[in-house]
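This report describes the sheets, cores and one helix of a single model. Sequence and coordinates come first, and the description follows.

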Amino acid sequence: MSILKIENMSFAYSPNTRKVIDGLSMEFDEGKVYALEGRSGAGKTTLLSLLAALTSPTEGTITVNGENVFKKDTYAYRASDVGIVFQNYNLLPKLNAIENVELSIDISGREVPDKRRHATDILTQLGIADYDLERPVLQMSGGQQQRVAIARALSYDPPIILADEPTGNLDTKTEQEIIQIFDELAHRRNKCVIIVTHSKRVAQMADEVFSIDGMRES
Ligand SMILES: Nc1ncnc2c1ncn2[C@@H]1O[C@H](COP(=O)(O)OP(=O)(O)OP(=O)(O)O)[C@@H](O)[C@H]1O
Ligand SMILES: [Mg+2]
């Protein structure tokens, strides 16, 4: 059974405006990477916000393990089922890498015996060097901030990872390293990884590529 399923979902930002998402159905499995492509303005970020239950559909449903996401506690859904890597990272700039990850663990409400150790381990696994762990994230490079954003999304070990253009601002080598992280998350750790991307390299690594057209008028 798929972990996440959208059925006949539509969404408009306000009544009587164009449906940004119009009658979309999709299924996502654990252990796979999905690339979502589409021109600018097609509705990719909107779709991720819906999948993250940050906003609710105008019509149709989203289910996680067969349960309607919007009939359960959406806060709990975000705190345990999905990890979100935002387009602009959304890190707290004055906090260091460890503090950003610790804060995310706190918000999720998950009991972690040694939070600092746990945060450090995840960051280290994602390639943040020891001497960077305690620098304010504002002073880190784009690729490093991207890794911290991924670490934060992984901090409470959710089965679903949503990422919005995670390699958009990176050079090819760093992009390849970030791609490898997502590859391992899906194919070794059985996560369901959904990536909005314009990158051919991400699409090549993905198990499935969906194209969001966003051209239909209501
Ligand atoms: N808060 C909002 N209120 C009203 N309209 C919005 C809002 N956010 C996005 N839109 C509109 O919805 C459409 C889809 O936007 P979205 O951000 O999902 O596109 P996208 O596919 O992520 O584009 P990009 O590749 O540029 O990031 C666009 O026409 C946009 O103007
Ligand atoms: Mg977008």
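A nonpolar core is a set of buried Ala, Val, Leu, Ile, Met, Phe, Trp, Tyr and Cys residues joined through side-chain atoms within 4.5 Å; buried means under 20% relative accessible area, with a 1.4 Å probe and protein chains only. The model is predicted, local features need pLDDT of at least 70, side-chain atom pairs count only at pLDDT 80 or more, and totals for chains, interfaces and linings use all residues. Residues are numbered from 1 along each chain as its sequence is written, and side-chain values use heavy atoms, leaving out hydrogens and water.

**Cores.** The largest nonpolar core has 38 residues, and those with the most contacts inside it are Leu123, Val148, Ile150, Phe182 and Val193. At least two residues of this core come from each of β3, α3, α4, α5, β7, α6, β8 and α7. Helices (H or I, at least four residues) and strands (E, at least two) are DSSP runs, numbered from the N terminus. Leaving aside residues up to four places away in sequence, Phe182 touches Val33, Ile150, Ile161, Ala163, Pro166, Val193, Ile195 and Met205, where contact means heavy atoms within 4.5 Å. A second, separate core of 32 residues includes Leu4, Phe28, Ile62 and Ile160.

**Sheets.** Two strands pair if DSSP finds at least two bridges between them.

| Sheet order | Strands | Pairing |
|---|---|---|
| β2-β1-β4-β5 | 4 strands | antiparallel |
| β6-β7-β8-β3-β9 | 5 strands | parallel |

In the antiparallel sheet, β2 (21-28) and β5 (67-68) are edge strands with a single partner each, so one side of each has no neighbour in the sheet. Strand β4 (residues 59-64) is joined to β5 by 2 bridges, and Thr63 has Asn68 as its bridge partner.

In the parallel sheet the edges are β6 (82-85) and β9 (208-211); each has a single partner strand, so one side of each is left without a neighbour. The twist averages 15 degrees from one strand to the next; angles run from 0 to 180 degrees between N-to-C directions of lines fitted to C-alpha atoms, for helices over the stretch in contact. Strands β7 and β8 pair over 5 bridges, with Leu162 opposite Ile194. Helix α1 packs on this sheet, touching β3, β6, β7 and β8, at about 155 degrees to β7.

**Helix α3.** This helix (residues 97-108) has 12 residues. Its buried residues, among them Ile98, Val101 and Ile105, pack against α2 (74-81), α4 (115-125) and α5 (142-154). Just after α3, Gly109 takes a positive phi of about 80 degrees.

Notes:
Chains are lettered from A and ligands numbered from 1 in the order in which they are written. The expected span of a helix is 1.5 Å times one less than its number of residues. Buried means under 20% relative accessible area, exposed over 50%, partly exposed in between (1.4 Å probe, protein chains only).
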